[in-house]
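Q: Hi! Could you walk me through this structure?
A: Happy to, let's look at it together.

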Amino acid sequence: MSDYLHDFFDIPSDLQHSWLGLIGLHLREALLPVAAGLLLALPIAQLCVRFRWLYPPVLGVTTVLYAIPSLAFFVVLIDYTGQSELTVMIPLAVYSLVVLVPAIVDGVRSVSEETLAAATAMGFGPVRRYFQVQLPIAVPAIIAGLRVATVSSVSLVSVGMLIGNQGALGNLLHDAQIYNRPELTWNSVITTALLAIVLDALLVLVRVLLTPWMPNRPTRRRPAPALEDAAR
Amino acid sequence: MIRIESVTKRYPDGTVAVDRLSLEIPDRSITVLVGPSGCGKTTTLRMINRMVEPSEGTILLDGQDIQRQPVTTLRRSMGYVIQNAGLFQHRTIVDNIATVPRMLGWGRQKARARAAELMERVGLDAALAKRYPYQLSGGQQQRVGVARALAADPPVLLMDEPFSAVDPVVRKGLQDELLRIQDELGKTIVFVTHDIDEAIKLGTMVAVLRTGGHLAQYAPPAELLAGPADAFVEDFLGGDRGIRRLSFFPSGALELTAGPVIPLDATAEQIAAPDAPFLLVTDADGRPLGWSEPGDLAAGDIRPDRLLSHGRPFVPGTDSLRVALDCAVLSPTGWAVAVDTDGKVTGVVSQQTIGEAIRSAHAAGRAHDEVAG
C-alpha cells in the first residue's frame, strides 16, 4: 500500500514539478483566466444593461465562441502564442467571459425598479448607483457564474496537455501512458476533481460572507412582524 | 411653495403624459395627486425631483427654477417614498435610513443616531435596526421607506403610491401614522395615489387628474365631494360622496336628548315618564347597556342580557356627522348613542335629528361659499 502511495505521488521528472507544484501550476492556469474573464465581463455586462439592444448580439457572439472546442481553439492560437501557458489561458478566459456576462447581466437586472428609482431619487449618480446598489445586489448571481466558470476552467486546463504538455495536472495523463503507470491517471483525475470541489466550496463560502442579506438562511428570524403591524 | 407652471411631458413616440398642467402646492401641507392609471400623476411627481424632465413649462421651488439647481442637490433636498419601499436589500435597516445623511457627508455615528431617532418616530422597534429588509413585513418596510426619506430632514417629501402594496389594515395604520408625523414635522408633501379614499383622508388639497394628463379639479377634499367639477370627477368620487362628505361636518352641534336614558335601577316612574318608544339603560357608571321598549322593563328587575344591543356609540365633537349617522343607521332602534370620552352616555339622537343637522350643515356650507365666492 505504501508503495502504491509512493508511486501515486512520484511524479516523473520530465514534468519538472512536484505534485504540489503541478497543483500550483494548475491553479494558475485555471484561475487567471477566470479572473481575466471577470474583469472583461463586468464592463461588457454593464454596457449590455445600459444599452439593451447590445445584449442579444453579445450573447450570440459569446455563444458561438463557447461552441468552439477547446482543442481547436488551442491549435489556432499556437500560431500566435506558441505552445505556452498563454495559449491555454486565452480560451479559458473566453469561456469564463461567456458564462459570466449573462450571469452579471441577469444579476444587475434583478435589482427592482423601485430600488433603482429610490436610489436615483436620493441623489445617486449612475456610477455610485452601479457600485453601491446594482453590483452588490448582483453578487449572488455573479458568484453563481464564477462557480460554473471556475469548475469548467479547472477541468479544461488538462486539455492543454495536448499542446506540448501545458496541461498541468493533465500532463500526468500523458506520462501515465508513456511510462505505463495507471496510478498517475488516477492522481490526475482525483486531484483535478478535488481542486474543483474545494474551489467551488470556497466560492460558496465567499458568497455567504458577502451576502448576509440573503433570505435563504436555514434559521429565519421573523417574529410575526405582520401581527405587530396589524396591532398598530 | 412648489409652483408647476403649464408643464407638458411629451415622449418621443408622441404620447402626452402630462398636458399643460399648472398647480400651486402649498407649504407644510399634504397635496394629493389622484387619478386613474395613465393620468400622469407619477410623471408629474417625478418632474418635481427631475427624474423626468418636462418637455415644456417650468417648476419653481420657493421661486427658484429647479432646472437651475444641480440635480443631485435638488434630489437630496427632497425625500422620496415609493411603492414597495424600494429598500436596499443588501443594507441593514439603520444603514438604509442613514443613506442620504451619509451621502451628505455626515459621520457614521451621527447618521446612525439620526436613523435611530427616525425609527422611533415612524414607530419601528429599535431591535430592527440591524435586520435586513427581507426580515421585515411589508408595512414595516414601508415605515423604513418613510424614515429613509425623512433622514436628512428635507423640507419636501414626494410619495409615489407608498401604501398601495400593503393590506388595508396596515394601510390604514400607515395613513394615520403619516398624518401624525405630518402634524409633528409639517413637511410639504406631494402624495400620489389612485385611491380616492386615501386622497380624501390625507389631502389638504386634492388634484384630480384625468387620462392624458389633464387637471380635472384642484380643491380641498370637502369641496371636491360637495361640488365635483364635471362628470369625470363625480364618477371618480364614486356613488356615496354625499355620505363621505359628512366626514367633514362635526357632530358637536347635534341636539342630544337625555329623556329616554334611564339607570339600571330605574323606578317604575322613571320607566313610565319618558314618552319615547325605546329607552336606553345605563349601568351605575353611566355607560350604555342596551335598548328596550318601556313595556318590557320591570322596575327593580332590569336584566342587562335581555336588552337590545346599543351598537357603537359616537363622541360628539370628536366624531363627524358621518360617524353619528352610521351609529344611528346601525342601531336597532334608529337612535344613536352619544358618549363622552370616558364612555359615559351624554344623550341619544334620532336619525331624523341627524338628518336635520345634515341639512343645516349643507345650508351653512352654501352660505359660506357665497360669502367666499
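**Cavities and contacts**

A: Let's start inside this predicted model. In chain B, β6(B) provides the largest share of the lining of the largest cavity, with three residues.

Q: How much space lies in the largest cavity?
A: About 70 Å³.

Q: And which residues are closest to its centre?
A: Of the 13 lining residues, the closest are Arg76(B), Met78(B), Gly79(B), Val100(B) and Ala149(B). By class, the lining has nine nonpolar, one polar and three charged residues.

Q: How many cavities of 30 Å³ or more does the structure hold?
A: Three. The second largest cavity has about 50 Å³ of space.

Q: What lines the second largest cavity?
A: Among the lining residues are Val122(B), Phe163(B) and Leu174(B). The largest share, four residues, comes from α7(B). The lining divides into six nonpolar, no polar and two charged residues.

Q: Switching topic: how many residues does each chain bring to the contact?
A: Chain A brings 30 residues and chain B brings 34. The area buried between chain A and chain B is about 2900 Å², and carbon and sulfur atoms give 58% of it.

Q: How many salt bridges are there across that interface?
A: The rule finds zero between chain A and chain B. There are, however, six residue pairs in polar contact, counting pairs with both residues at pLDDT 80 or more.

Q: Which element gives the most on the chain A side?
A: That's α6(A), with seven residues on the side of chain A that touches chain B. By class, that side has 17 nonpolar, four polar and nine charged residues.

Note on methods: Residues are numbered from 1 along each chain as its sequence is written. Chains are lettered from A and ligands numbered from 1 in the order in which they are written. This is a predicted model: local features need pLDDT of at least 70, side-chain atom pairs count only at pLDDT 80 or more; totals for chains, interfaces and linings use all residues. Side-chain values use heavy atoms; hydrogens and water are left out. Contact means heavy atoms within 4.5 Å. Buried area is the accessible area (1.4 Å probe) that two parts lose on being put together, summed over both. A salt bridge is a side-chain nitrogen of Lys or Arg within 4 Å of a carboxyl oxygen of Asp or Glu. A polar contact is a pair of N or O atoms within 3.5 Å; within protein, one must be able to donate a hydrogen and the other to accept it, and residues adjacent in sequence count only if both atoms are side-chain atoms. Helices (H or I, at least four residues) and strands (E, at least two) are DSSP runs, numbered from the N terminus. Ala, Val, Leu, Ile, Met, Phe, Trp, Tyr, Cys and Pro count as nonpolar, Asp, Glu, Lys and Arg as charged, and the others, Gly among them, as polar. On a 1 Å grid over the protein atoms alone, a cavity is a set of points where a 1.4 Å probe fits but cannot get out, and a pocket is an open set with protein on both sides within 12 Å along at least five of seven lines; lining residues have an atom within 4 Å of a point. Grid points are joined across faces, edges and corners, and a volume is the space filled by probe spheres set on the points.
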